[in-house]
Structure formats: C-alpha cells, structure tokens
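Student: Could you give me a close look at the aromatic and charged side-chain contacts of this model, with the burial of the partners? I would prefer one connected account.

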Amino acid sequence: MFSRRALASVTASAAVVSTAAYLSIQNARADQQKLTSIPPAPKIAAAPPARKDLITRLSKSNPANPDEIYDILVVGGGATGAGVALDAASRGLKVALLERDDFSCGTSSRSTKLIHGGVRYLEKAVFNLDYSQYLLVKEALHERKVFLDIAPHLSFALPIMIPAHKWWELPYFYIGVKAYDFLAGKQNLESAYLMTKGKALEAFPQLNPETLKGAIVYYDGSHNDARMNVSLALTAIDQGATVLNHVEVTGIQKDEKTGQINGVIARDLESSDPNSTISISAKSVVNATGPFTDSIRKLDDGKTKEIVAPSSGVHVILPGYYTPKKLGLLDAATSDGRVIFFLPWQGSTIAGTTDNPTALSANPTPSEEDIQFILNEIKDYFKGTMEVRREDVLAAWSGIRPLVRDPKAKNTESLVRNHLITVSDSGLITIAGGKWTTYRQMAEETVEECIKLNDLKPPHSTATESLKLVGGDGWNNLQYIHLIQKYNLTPEVAKHLSENYGTRAFTVAEFLEQPAVPQSDKVSLATATAGKQLIAPYPFLYAEIKYATKYEYATTAVDFLARRTRLAFLDCRAAYEVLPDVVDVMAKELDWSAERRAKELTDGVEYLKGMGLQLKN
C-alpha cells in the first residue's frame, strides 16, 4: 500500500514524465519538418588508390628514402586501429595501417551494435560512489553524440525499453535513466519516458502481460559496426593514409645501436609469392590488434607478460518479428544476473550477449550452451505470447572482448575498466581494451602518445570530432528517393543502399546491370525491378560485389559476405547458398585461378560454420 507521500511523489513524477514525453514528441516532429526537400543526388565518387599502388607505397618506406618514412605505422585494422590511422592522417602525418585479415574481421564486427554511454555502469558508479566510473560514462556519452554526427547514414538513435515486473522497479529505473539523460546534457539524444502497461504491450506485444507492470524507455545509439569500420579505413585513405588489409606483420625492426623500434617486416597475403616480405620504416609503431595484442607484444619482446584476458560474447540473430522495427529491449534481470539485449538490426533481431572466459581464435564459434542460455531468457520474457524455437536462430556469432590488465599495476589480476595505452622499452605503443563508442577518443589519445614519444610535428590538430566519414557528408535520410526514381529500385533496396553507403549509394547503383530509367518513363514502385538481389528477402545486390572489389578493397568472398554486406551475420544459411555465386563474380573481377576459387569456397564454408551454419552429413 502506498503512503500519501509516496502517492504524491508518483503523481509528481508522472507529471514530469508526461511533460518530457510531450516535449520529446514535439522535438521529433520539428526534426521531421526540417527535411522538407530532397537533397540533390550526389556525384559519382572517384575510385580510391588501387591495392597494388598502396603496396608500392609501402615498399618505398625505408631508410634510403627519408621522406618516405612513416610517422606512424598501425598494426591492426579494427575499430581502434582504423581510428588511429584516421586521426593521425587528419593531422597531416604520414600514416600506414596493416591488417592481417580484413577490416573489422574480429571483435569489431561482432559487437552488440550499440553506441552507448553505459547505463549499467552509471548504476555501479552511483552505488559504489565511484567517480572514475562516472567520468567514463560521461566521456562515452560525449563520444556517442560525435559518433552519430560523423556517420549519420550508419548510425541512429534507438529507443530501448526496460520492462518492469515489480512496482518498485518503475521509479528505480526511471530515476536511473533520467540521471543518464542529465549526464549527457546538451548531447542527449532524446528524453527517457515512462510507459504504462497498456502502452508497453502496444509497443512490444511479445511481452508477457501476466507479470508486466509498465516500462521505461531510454535512448542510446545503434550502428552497422563492420561497415562503420570499413568507412573509417576508407576515410583514412581519403586523408592520405596507406591502409591495407590482408598484409601480415611478421617481425619488428629495431635500430642496432639504440634498440628502439624503427619499422616492421610484413608479408602481403594476396601476393603471388607468399614468401616475399616488405621492410617498412616508421618513427612510431602502434599495436592495435585487440585480442591478439600479446602476439605483437611478444614479437617486440618474447619475455613480456601477457596483458589480455579474452572473454567471449555470444549473440544470436532471430527473425525481425521478435522485436518491433524501431524499439529494443533490455533485460536487466536475467537468471544469472547478466544483461541481455533484444535489438532490431538490419531488419532482423539481435539477442545477446554472454560473457565468459575463452581461448583466442581467429574464427570463434558460439557454443550451443550459450545459444540455449539466450533462448531460455527470451522464453521467460515472451512466455504465453509466442513460441521461441531453436530453428528460429538464423545466425550466431562469438566475439572476443580483449579485457586488459595494466602490466604496471601491483595487483596483476585486476582488469582496467576502459582502455589502456602502454609503451614498451623499445617504444612499441600498445592500445588495448575499450569499446566501439569510445574508439575515436582512444585513437586521439594514442596519436598524442606517438607525437610526444617521438617528437612528431603534425601540421594540423586532429579533426576527427567533426570529420564526416565517407558517405556521410551531405547525406540526408530522404536521398533514397533519388535512388528509386533514377535507378528503378524498390524502396527496401534503395533504403538499404542509402543507409549502408550514404552518398556513395549512387556510386554503387552505377554498377547495376540495368541502365538508368529514361526520364520519360513512368515507373511504378510495384514494378521496380532494377538491381538483381543476391537472395530473397534480403536487399543485398550483385552490384555490391563489384563495388566492394573496386572501392572497398574486398579481396575474399568472406570479406564481402560478412563485412561489406552483413548477410553472413543475418542468415548464415542464405550466405552459404549464395557463396558460389559470390565467388564466381569476384573471380572474374579479381582474375582468380581455379585453385583460388576452390580455396574461397572452402574458406567461406568454414567461416560460416563459425556463424552457426550446420550442414547435414
């Protein structure tokens, strides 16, 4: 039974909530009214430097050519490594980046797809009176807004519901998310608000009405992580950096007198001669290899202590009907205390994540135990409303989170909460830990360390806080209409191209097999046919294969299926079915031999097994 004071408090809270909800609706309408006209169609983008030209650049960097020595050489092409390359290049420094596999091939493509400050960490900061944790959340909220601003086509604000199954949870959650809003300040996305039980069920009908008391809705960001990573790499190239995937660092070079690092030895894995190596000189070498951080550190010093504690996070992909199209859900009270998200993404639903210690692997495979744990949590939430079946899992993946220990800390078992920058005796700069949301801040701090350590003289200050990524400059969420009208595309396909390539969507469309529609023709959306899709019902086009090889450095079938498009993550069986076609098209574009074709098919199947593909014997 509520006291009069409690009822008065609830009434006052309801009034505040109503006002916040009203203002949120009015702000959303105002934002919509800003888009009163369709911006002009962007120009076709010029192709970036050919891969062979980038390799030539690398080979010129040696002591005999002082002007060709790189200021910073980055090892690792994930979110952090690509961010470092972009930050350094934006300052006018001479930069190279080498990635052994592909951009975003590991942890950076296997995230929960959230851009967030960490509402859970704020709770810990408050209850533990932890000021450092508070600062981490505040910094991440700042970076969240920057993230959405520089990549508007790849990221968006996402409302996330926290269902309440006990009456006391409503004010508790509400206070927490309003504190989250307050901490974001002017950089807040939208105001959190309270939902009655009826409104919550109307918005998310899959929830169990027997136990639901109401819900709180707050806002964070969501994005397409692998395409974001590729865009970072392409933007760095656009800024003058030499960025290459499928180039492996096999050794560290050091000055014979001082013992300081002055470059690396690398091997081009796409070369016809697998034994040939390239010697590359650099003033600074940055180790940004995520879970494989210690392998590069041991190339520098074989006796160094390991600092990475790998932890696996498993996600599953379910059909889109598991969540509303534009509303996620946070389960704050799972059976074992871990948080589970249900999030709409690319027309499907992501559910996850787990958090377990794991061994390192280039292609980690989710365990059946972890998949069943996630499904069982969903069953509890959706009890009585829908059947949750194992066969509904379209794909599943395991990402390795590189938790790190500070080697200088007295307690070597403790893990740092965010990211860590260390410098070895020979000058190897290692950046490890962190999360997608703060990649830009981590990159900036790493470049500052390079500048200080090696007395570099950048011509400019960093510009990454306002630098739009390729495809983002001039993008508007109505530009897909131009794609429909000019190229006879369906709205679904046009939106896919616009939201994954930004203004570069028009360049992708130039690879369509059918010519542009003559202005005199009247095209019905019901009869739009241009652009052959890889496989229904997914909007990915064959034209994207050619674009990926010419503009985005896709050199393997897995590069395309997993990271240039996200088909392998959305439906591993569908990716398996189109794998032979993708190999055929890429073979023609890249002049593959019969042996290379066979290898691509074998490697593709093995990768998809790691994404949950199950083949009958």
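Tutor: In this predicted model, Tyr218 is buried, and its relative accessible area is 1%. Tyr180 is likewise buried, again with a relative accessible area of 1%. To place these two tyrosines, it helps to begin with the aromatic pairs as a set. The structure contains 16 aromatic pairs. One of these joins Trp168 and Tyr172: the ring centres are 5.8 Å apart and the planes stand at 70°, so the arrangement is edge-to-face, the angle being over 60 degrees. Trp168 is exposed, with a relative accessible area of 52%, whereas Tyr172 is partly exposed at 30% relative accessibility. The rings of Tyr180 and Tyr218 have centres 5.9 Å apart and planes at 80°, so this pair is also edge-to-face. Because Tyr180 belongs to helix α6 and Tyr218 to strand β6 (residues 214-223), the contact ties together parts that are 38 residues apart in sequence. A ring contact therefore connects a helix with a strand, and its partners are buried, Tyr180 at 1% and Tyr218 at 1%.

Helix α6 also carries a charged pair. Side chains of opposite charge can pair when their charged atoms come close. Asp181 forms a salt bridge with Lys178, and the closest N and O atoms lie 3.6 Å apart. Since the two residues are three apart in helix α6 (residues 169-184), about one helical turn separates Asp181 from Lys178. The partners differ in burial class: Asp181 is buried at 7% relative accessibility, while Lys178, with a relative accessible area of 23%, is partly exposed. The lysine falls outside the buried class because buried requires a value under 20%.

Helix α7 offers a counterpart. Glu202 forms a salt bridge with Lys199, the closest N and O atoms being 3.9 Å apart; this pair qualifies because the limit is 4 Å. Glu202 and Lys199 are three residues apart in helix α7 (residues 197-203), which means that about one helical turn lies between them. Here Glu202 is exposed, at 60% relative accessibility, and Lys199 is partly exposed, with a relative accessible area of 48%.

Another salt bridge within a helix is formed by Arg563 and Asp559, whose closest N and O atoms are 3.0 Å apart. Arg563 and Asp559 lie in helix α16 (residues 557-564) at a spacing of four residues, about one turn of the helix. Both of these residues are buried. Their contact is part of a network of salt bridges that links Asp102, Asp559, Arg563 and Arg564. Across the structure, the count of salt bridges comes to 33.

Charged and aromatic side chains also meet directly. Lys113 lies over the face of Trp345, at 4.9 Å from the ring centre. Arg566 takes up the corresponding position over the face of Phe569, at 4.4 Å from the ring centre.

To return to the rings, aromatic contacts extend beyond isolated pairs: Phe204, Tyr321, Tyr322, Phe342, Tyr381 and Phe382 are linked by ring pairs into a cluster. For helix α6, the account thus holds two kinds of contact: the edge-to-face pair of Tyr180 with Tyr218, and the salt bridge of Asp181 with Lys178.

Note on methods. Residues are numbered from 1 along each chain as its sequence is written. Side-chain values use heavy atoms; hydrogens and water are left out. A salt bridge is a side-chain nitrogen of Lys or Arg within 4 Å of a carboxyl oxygen of Asp or Glu. Buried means under 20% relative accessible area, exposed over 50%, partly exposed in between (1.4 Å probe, protein chains only). Rings of Phe, Tyr and Trp (its six-membered ring) pair if their centres lie within 6.5 Å; planes under 30 degrees apart count as stacked, over 60 as edge-to-face and the rest as tilted. A charge sits over a ring if NZ of Lys or CZ of Arg is within 6 Å of the ring centre and within 35 degrees of the ring normal.
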